[in-house]
Amino acid sequence: MSLNTDDSGRIRTRQRAKRACETCKLRKRKCDGHEPCTYCLRYEYQCTFKPHPRRKPAASKSSARPSEEEDSPKFLDRVDANQEHMEANSGTAFPHLLGMRLNPQGAPKVYGFSWNLGPRDEPLEPFTNLTDLISREEMEDLASHYLKKIHPVYAVLDPDTLRQKIVARWHDPATAASYDPILCGVAALGSLYSGHQEHPKEGALVQSAKEMLETTRISKTTLLHHATAWILRTIYLRSTNCPHASWMASCSTMHIIEAIGAHQDPELVSLVYSDTADVSVNDESQRRLFWVATVLNSWISYEYGRSRVILRGVSCKPPLPRTGDFTTDLISMYQISERLDPDQNNKLSDLEDALSRVERLTLSHDALILSQSNLALTIYRRLRVASSNISNDILTRIIRLGNDGLEAAVRLAEDRSPWWHVANIPFQFLCILLAIDTRESLSYVGPALRSFRAITRHYSTPTLHTALETIESLVRLSQNKKERDLTLLRDSMQQEDPGLTEQGSTTSQAFNDASWLGATGDLTLPDNFDWDWNVFLDTQVPFFDEGEAGGQRYR
């Protein structure tokens, strides 16, 4: 029992039910102890209670398990009020609420009875059978690559369940299953991150998953499997395709998450989700799905400069740490990054505090080190906006975290793991080294450029070659600017009349815009040319081959 006070200062209590029905026990839901209970009435389950067993001696307080009722009462009250308003807005929920008043045993379920005229049935499209694309042995091999490379960071699947589903699927190859989009997504990512030449059916697996997932956005029934499969599709598109494609997929994922009620704690699920909520979901799996989907949507939106999906009534708790994966580390990093939301007006001290929190993270997986580095570089760009005078200590810490990310990118490239920041971190780090423009920062340009060239040799794609040529052009621009400044200083030391000095020493031909398209020849600039790093760092630089076929695979 937790204590709270009302507006008049009197103590009020939150009562804990003395018993729970069998349905709530099975589904691990909070039961109010009524017969029938509110949960079973809402979802139209049979509500039964077992007789009370003989009472055992009470355990000592020292051995009692901490209760989740220790959560803030103000937070719970806020969630309750939010749900009440959502249910009041909902025309689909009102008939059920009205029916509960008139006849609790025969109330209509939550359903869009008059949503439209219903002139058409839901279309049913045949899909390519997964077992016709790959064999069981191939599926198991691709799944092993997925579990080795993707699962440690984005642990939204239970490995044992995945293996059981593979066995069951090929045991009955002719019958499609709701788990098929997940198997297609696992196989496609396993092929992409295998470190070898892509599987010849990778494209067909991606297309098959896409076709099946497109129907989930208009399906009457939404399942946990659909949200998981959408997360896998988002990861694949973030690794291979243009920003728009991965952003759209991440937004769709968030809407599926809301449809199954995964953004709310199982004890606080709102009535408005009762027509689509997947009540068979394991609590921990639900939490991992919600948080991973939120991380992907938020970070993709921030980097792409788009709006993220913000759900109302969020009460889902962070997942618990689990041996063998680093998903909770990923979520901890995301919680720091929330301070960088464009809607927040951060002070300089807020950004410096965020940098300190990023530094304190101890990460062992290279993909997470890349994200840590990217977060530090983002904080630097925000600091440039907040203040024109950044301390040398802050700059040194930014450079150190950027260099950590650069080393992680090289290791991942050597391991043939195409995480998206493998190209992005070296490029952005080089840009920021040039923008800082101190002796310390410029001393890192040479090693960073050599590392970027090494990564380009591992992944010889048009995208990377264009990025490399662009950053080399930027280095030459910086070099030419300093050479012109040096010439001015040298000329100032001459005793002749400056007007008699040969104009050729400082005059150069106009800057050729074609250098931005990859020209690597020597660049010359007009005398009055000055590079505006603020404009450049706020400009989106594409790292993707945008085209009809999507992303460009490495060779």
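This is a guided tour of a predicted model, stop by stop, with selections to make in the viewer.

**Whole chain**

Start with everything shown as a cartoon. The protein chain has 21 helices and two strands. Colour by relative accessibility next. Of the 555 residues in the protein chain, 47% are buried. Then turn to a contact map. Take the contacts between residues at least 6 apart in sequence: 70% of them join residues at least 24 apart.

**Glu22, in H1**

Select Glu22. Its place is in helix H1, residues 22–27. Glu22 counts as partly exposed because its relative accessibility is 23%, and the buried class ends under 20%. Show the neighbours. Leaving out residues up to four places away in sequence, Glu22 touches Thr48 and Lys50. Now add Gln46. Glu22 and Gln46 are 24 residues apart along the chain, and their C-alpha atoms are separated by 9.1 Å.

**Cysteines**

Select Cys47. With a relative accessible area of 15%, Cys47 is buried. Jump to Cys431. Here the relative accessible area is 0%, so Cys431 is buried as well. A disulfide is a covalent bond between the sulfur atoms of two cysteines. How many disulfides does the structure hold? The structure holds zero.

**Asp180 and Arg169**

Move on to salt bridges. Side chains of opposite charge can pair when their charged atoms come close. A search of the whole structure finds 17 salt bridges.

Select Asp180, which sits in helix H8 (residues 180–192). Which residues does Asp180 touch, not counting those up to four places away in sequence? They are Leu130, Arg169 and Met212. Keep Arg169 on screen. Asp180 and Arg169 form a salt bridge, with the closest N and O atoms 2.8 Å apart. This pair links distant parts of the chain: Asp180 belongs to helix H8 and Arg169 to helix H7 (residues 159–171), eleven residues apart. Is Asp180 buried or exposed? Asp180 counts as buried because its relative accessibility is 3%. Arg169 is buried too.

**Arg238 and Glu303**

Select Arg238 and Glu303 together. They form a salt bridge whose closest N and O atoms are 2.7 Å apart. Arg238 is in helix H10 (residues 224–240) and Glu303 is in helix H12, so look for partners 65 residues apart, in distant parts of the chain. Compare the two ends by accessibility. Arg238 is buried, at a relative accessible area of 8%. Glu303 counts as partly exposed, at 26% relative accessibility.

**H11 against H12**

Stay with H12 and show it in full, residues 283–304. Add helix H11, residues 243–259. The two helices pack at an angle of about 145 degrees, and their axes are 9 Å apart. H11 passes H12 in a left-handed crossing.

Show side chains along the contact. From H11, the contributors include Trp247, Cys251, Met254 and Ile257. From H12, they include Leu289, Phe290, Ile300 and Tyr304. By class, the contact has eleven nonpolar and seven polar residues. How many are charged? There are no charged residues in this contact.

**Arg288 and Asp325**

Still on H12, select Arg288 and add Asp325. Their side chains meet in a salt bridge at 3.5 Å, N to O. Arg288 lies in helix H12, and Asp325 lies in the loop between H12 and helix H13, so the pair ties together parts that are 37 residues apart in sequence. Both residues are buried.

**H13**

Follow the chain into H13, residues 327–337. This helix is mostly covered, with eight of its eleven residues buried. Among the buried residues are Leu330, Ile331, Met333, Tyr334 and Ile336. Thr327, Thr328 and Ser337 are on the buried list too. What do the buried residues of H13 pack against? Show H12, helix H14 (348–360) and helix H15 (366–386): those are the partners.

**Last stop: a network**

Select Glu359, Asp393, Arg397 and Arg400. Salt bridges link these four residues in a network. Glu359 falls within H14, which spans 348–360.

Methods. Residues are numbered from 1 along each chain as its sequence is written. This is a predicted model: local features need pLDDT of at least 70, side-chain atom pairs count only at pLDDT 80 or more; totals for chains, interfaces and linings use all residues. Side-chain values use heavy atoms; hydrogens and water are left out. Axes are lines fitted to C-alpha atoms, for helices over the stretch in contact, and angles run from 0 to 180 degrees between N-to-C directions. Helices (H or I, at least four residues) and strands (E, at least two) are DSSP runs, numbered from the N terminus. A crossing is left-handed if the near helix is turned anticlockwise from the far one by less than a right angle, and right-handed if clockwise. Contact means heavy atoms within 4.5 Å. Ala, Val, Leu, Ile, Met, Phe, Trp, Tyr, Cys and Pro count as nonpolar, Asp, Glu, Lys and Arg as charged, and the others, Gly among them, as polar. Buried means under 20% relative accessible area, exposed over 50%, partly exposed in between (1.4 Å probe, protein chains only). A disulfide is a pair of cysteine sulfur atoms within 2.5 Å.
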